[in-house]
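Hi everyone, thanks for coming. Let me walk you through a structure that is new to most of you, starting with the picture.

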Amino acid sequence: MKSLRFISAEAFVSNAEFARKNLGAVAHDLFPLLFKASYLLEQGEVIHDLVENWPLFDFNMGKLLGATMDYQEDLSHRTCSVCLESCLTGLRDYVLNQSSPYMKKLKVVDLTGIKDVEVQFCKCKKTMGRWARTQLLSKLCSELLVYLQQAQCNPGTFEISINVLIDLFVTERNYELVVQALLKKCSCPLKICCVAFRSDNLTLQKFFYIIKLTDPSLLRKLEIVHNVHLEMEHLEMLFNSIHFPLLMSLTLPARTFNVRRFTATDEQMLANVGEKMGEMTQLTELSMSFSILTGRIQKLLSPLKTPLKMLDVSNCSLNHADMAFLANSFHANHLEALDLSGHDIPELYPSTFFRLLSHCSSVLRSLTLEDCNIQDTHVNMLILGLSPCQKLQEFKFIGNPLSSQALKHLFTFFCELPMLKNVEFPVPRDCYPVGITYPIDDSSLCRFDHQKYERVAEELNLILLQANREDVKASTPLFGSYDAAVQETNNELGAYLIKSFKETLEKFTTSFNKTS
């Protein structure tokens, strides 16, 4: 529902020429209202001029686009390219504009509230993701500095100092541009303040260099993901050389740890890494997927002084001792998100897992159990374990060998979980050819009876519909959930993988020729 004020604001900004001409007569406290109305209508020119003449002390995108009394809809998930580019160029021109009727009060710009989602509702259908926002802001900061050095500006321009809070996303392709912007931060009126940092497709040398430039003392979230070959010794080096006092969330790349080749030195190194993480008193989210951590979870997590709220140890080859530690640790009662994918839970540690589930049931919001060998015979026990999880909002269990009948049984139960919003379920086993083995390899993943699957999916959605649970979204993303960062940079990631494959092939050929 829109208030009369918001309807009036829409009418005002709908005529861009009129709105821009009369902006000088608008009261300061109406700027946030006009900004949201302009964003909704994708009035790029009006957005630019509003930001260029912003009369307030702060500019917080999350709050400006979030639910308000005048218009309850949250627009922060609309990463409209037209709107965001207008916003950032308007910020640059705020610094350069010497004829603004308003005194320059702006001190903080917060861009961290923007949410990247799969489905966009903007009319232009063109999004500006986290990587592109990083690219554009860095470019504008560098250009602004060059312009100020070359042009004769008002002396007051050099006194402007605006902290721009942003979640940076750096890859090989935008690395140099971001480095230049961070190096010149002190001289630039727009000062990039990195709150969250994601690094993909970057050499270790470049990663270590740029992470120091970001001012790690401000970092709340650090994601080191694809094609950053960080191993345990590098992680120890990172933690020994840089302090992260505010870090709340840490994501490590695949194969950071591999206990199968551990020496006595490696055991001590692992203990040191655990102790360093223990010094991060704000750390509540930890992702270490696709590492081999068999029997070492306790050594790594026991030094932590703050309970974890999110833990991803998918495909980490955990044994019974690891699961027992998790179930009995003080983390268990605080886990809001848990990913144990890739472990044969029913075979290895069924009772211990359900003990862990019971401990976190009062707070658990997201549970992922993909490729866990959950079969029809385990469904009743799973339902029993999930029943106390009344705050569960998301359950993902792709890749488990469950029949259509078992899925119907589960979906009937899902209707009883009041907070549930998202379910990712597997293709039923009876849709695949007889004799299919699990986990299913990529080459066989799509070789199922698609018509039968569609019929089953309709029946499952009908179960939700009949229980008045249209609010639950059920899907089968065969190749994983949507990842905005991967989606935005998949061309670069693909090119890197092809290059790596080519180099490996060349090395193999060279070695083979030498031995021939």
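One term before we begin: a residue is buried when its relative accessible area is under 20%, exposed when it is over 50%, and partly exposed in between, using a 1.4 Å probe and protein chains only. By that rule, 52% of the 516 residues in the protein chain are buried.

Please keep in mind that this is a predicted model, where local features need pLDDT of at least 70, side-chain atom pairs count only at pLDDT 80 or more, and totals for chains, interfaces and linings use all residues. Numbering runs from 1 along each chain as its sequence is written, and side-chain values use heavy atoms, leaving out hydrogens and water.

Now the overall shape. The C-alpha atoms fill a box of roughly 75 × 65 × 50 Å along the principal axes. For 516 residues, a compact globule would have a radius of gyration near 24 Å, and the 26 Å of this chain agrees. That radius is taken over C-alpha atoms, and the globule rule is 2.2 Å times the number of residues to the power 0.38.

What about disulfides, meaning pairs of cysteine sulfur atoms within 2.5 Å? How many does a search of the whole structure find? The search finds 0. Take Cys372: its closest cysteine sulfur, in Cys316, is 12 Å away, so that is too far for a bond. Cys372 is also buried, with a relative accessible area of 0%, and Cys80 is buried too, at 1%.

Note on methods: Disulfide = S-S within 2.5 Å.
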